[in-house]
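Okay, thanks everyone for coming. I'd like to spend a few minutes on the empty and filled spaces in this one, so let's put it on the screen.

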Amino acid sequence: MLAKLFSLPGKVALITGASRGIGRSIALAFAEAGAKLAVSSRNKRPPELEKVAEQVHAMGGEALVIPAHVGKKAEVQKLVQGTLQAFGRIDVLVNNAGANPILSSMVDLEEEAFDKVLEVNLKGAFLMSKAVAKEMIKQGGGRIINISSVSGLRARADQTGAYCISKAALNMMTQVMARELAPHNILVNAIAPGSIKTEFSRVNWTDPDRQAQRIREIELKRFGEPEEVVGLALFLATEASSFVTGEIIRVDGGQTI
Ligand SMILES: NC(=O)c1ccc[n+]([C@@H]2O[C@H](COP(=O)([O-])OP(=O)(O)OC[C@H]3O[C@@H](n4cnc5c(N)ncnc54)[C@H](OP(=O)(O)O)[C@@H]3O)[C@@H](O)[C@H]2O)c1
């Protein structure tokens, strides 16, 4: 019973930003749970994404590598079509790709930087969800998991304003789409990680002031590891969460209590 609740036998999962960090950990866990994978990232450093696929193959699983920039419509279409051609369906979409290219106060933030953050974190998830949900409607159901952030729940004054705004909007998109897609048996939820030790958050765990500030905030007094986001992702992708939709669930070591 328990194994059935948390497994994904024969399911097809498409994961963006799967080359490293949180996306990579989710991809490997979903493969272990029995899913066939399409893994994607812009693939600027090709070996990273291919290595994830190789690890999945070594486990006896299936993983298709399709590079795509999630903010570019034509690339999103290629990614979704390529996945459908290979596997015939998409049961789980994880919108994990995210960007925070620049630290700046809102008044000094360049328009281009604002656009870039919104393009990847919000428009990317929108384009992906729109394309995949159309297929899920035809299939009769599916799961969409948005990787948001606690920065979308509480305003930070640490030069990450555009990022906070993008994730707050992603939370609202999660809830709007959860309501719109519920009649089609598509469950849409978000995970809001706190401070997780990845390449993306490097400045937060290498800059002594930022690190000390984070540790002060986090009740568990440490950064999380990418693997610590996996349990919730697996819950949201499987039968275990069949009556959960429109939720934004924090994995933050008590940072925002
Ligand atoms: N780490 C944290 O503390 C933390 C906290 C809260 C939320 N999050 C969220 O968790 C998600 C994953 O972050 P992470 O910490 O695991 O970061 P990471 O280790 O830097 O991984 C980011 C992934 O996204 C891909 N990516 C970046 N821009 C992309 C684009 N335009 N199109 C497609 N793929 C793109 C990257 O690959 P390429 O470079 O090859 O494209 C990489 O695979 C993000 O949405 C982030 O906002 C992270």
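**Cavities, pockets and the ligand**

So, helix 6, residues 161-181, is where I'd start, because among the elements it gives the most to the lining of the largest cavity, with 3 residues. Before I go on, keep in mind that this is a predicted model.

How many cavities of 30 Å³ or more are there? The count comes to 2. The largest cavity has a volume of about 50 Å³. Around it you'll find Asn100, Ile102, Ser104, Leu109 and Val117, and then the run Gln159, Thr160, Gly161, Ala162 and Tyr163. By class, that lining splits into 5 nonpolar and 5 polar residues, with no charged ones.

The second largest cavity comes in at about 30 Å³. Here helix 5, residues 111-139, gives the most to the lining, again 3 residues. The residues to click on are Thr16, Val70, Asn95, Asn96, Ala97, Val120, Gly124 and Ala125. Charged residues are absent from this lining too, which has 4 nonpolar and 4 polar residues.

Okay, on to the ligand. Where does it sit? The space it takes is the largest pocket. That pocket has a volume of about 1000 Å³, and its lining runs to 48 residues, with Asn96, Gly98, Ala99, Thr198 and Phe200 nearest the centre. Helix 2, helix 5, helix 6, helix 7 (202-206) and helix 8 (208-217) are the elements that give two or more residues to this lining. The largest share, 3 residues, comes from helix 2. Sorted by class, the lining has 16 nonpolar, 22 polar and 10 charged residues.

Now zoom in on the ligand itself. There are 29 residues surrounding it, and the closest are Ser19, Arg42, Asn96, Tyr163 and Thr198. You've met a couple of those names already: Asn96 also lines the second largest cavity, and Tyr163 is on the lining of the largest cavity. Helix 2, which is 21-32, and helix 6 each supply at least two residues of the shell. The shell breaks down into 11 nonpolar, 14 polar and 4 charged residues.

What about polar contacts? Take Ser19 to begin with: an N or O atom in the Ser19 side chain is 2.6 Å from an oxygen atom of the ligand. Then there's Asn96, where a polar backbone atom is 2.8 Å from a ligand oxygen. And at Val70, a polar backbone atom is 3.1 Å from a nitrogen atom of the ligand. How much of the ligand does the protein bury? Taken alone, the ligand exposes 890 Å², and the protein buries 96% of that.

Last stop, the second largest pocket. About 360 Å³ of space lies in there. It is lined by 19 residues, and Lys11, Arg143, Ala237, Thr238 and Glu239 are the ones nearest its centre. That lining divides into 5 nonpolar, 8 polar and 6 charged residues.

If you want one view to take away, put Asn96 in the middle of the screen. Asn96 is among the closest residues to the ligand, its backbone makes that 2.8 Å approach to a ligand oxygen, and it is one of the residues nearest the centre of the largest pocket. Okay, that's my tour, happy to go back to any of these views.

Key:
Residues are numbered from 1 along each chain as its sequence is written. This is a predicted model: local features need pLDDT of at least 70, side-chain atom pairs count only at pLDDT 80 or more; totals for chains, interfaces and linings use all residues. Side-chain values use heavy atoms; hydrogens and water are left out. On a 1 Å grid over the protein atoms alone, a cavity is a set of points where a 1.4 Å probe fits but cannot get out, and a pocket is an open set with protein on both sides within 12 Å along at least five of seven lines; lining residues have an atom within 4 Å of a point. Grid points are joined across faces, edges and corners, and a volume is the space filled by probe spheres set on the points. Helices (H or I, at least four residues) and strands (E, at least two) are DSSP runs, numbered from the N terminus. Ala, Val, Leu, Ile, Met, Phe, Trp, Tyr, Cys and Pro count as nonpolar, Asp, Glu, Lys and Arg as charged, and the others, Gly among them, as polar. A residue is near a molecule or strand if one of its heavy atoms lies within 4 Å of it. A polar contact is a pair of N or O atoms within 3.5 Å; within protein, one must be able to donate a hydrogen and the other to accept it, and residues adjacent in sequence count only if both atoms are side-chain atoms. Accessible areas come from the Shrake-Rupley method with a 1.4 Å probe; for residues, only the protein chains shown count as cover. A molecule sits in a cavity or pocket if more than half of its atoms lie within 2 Å of its grid points.
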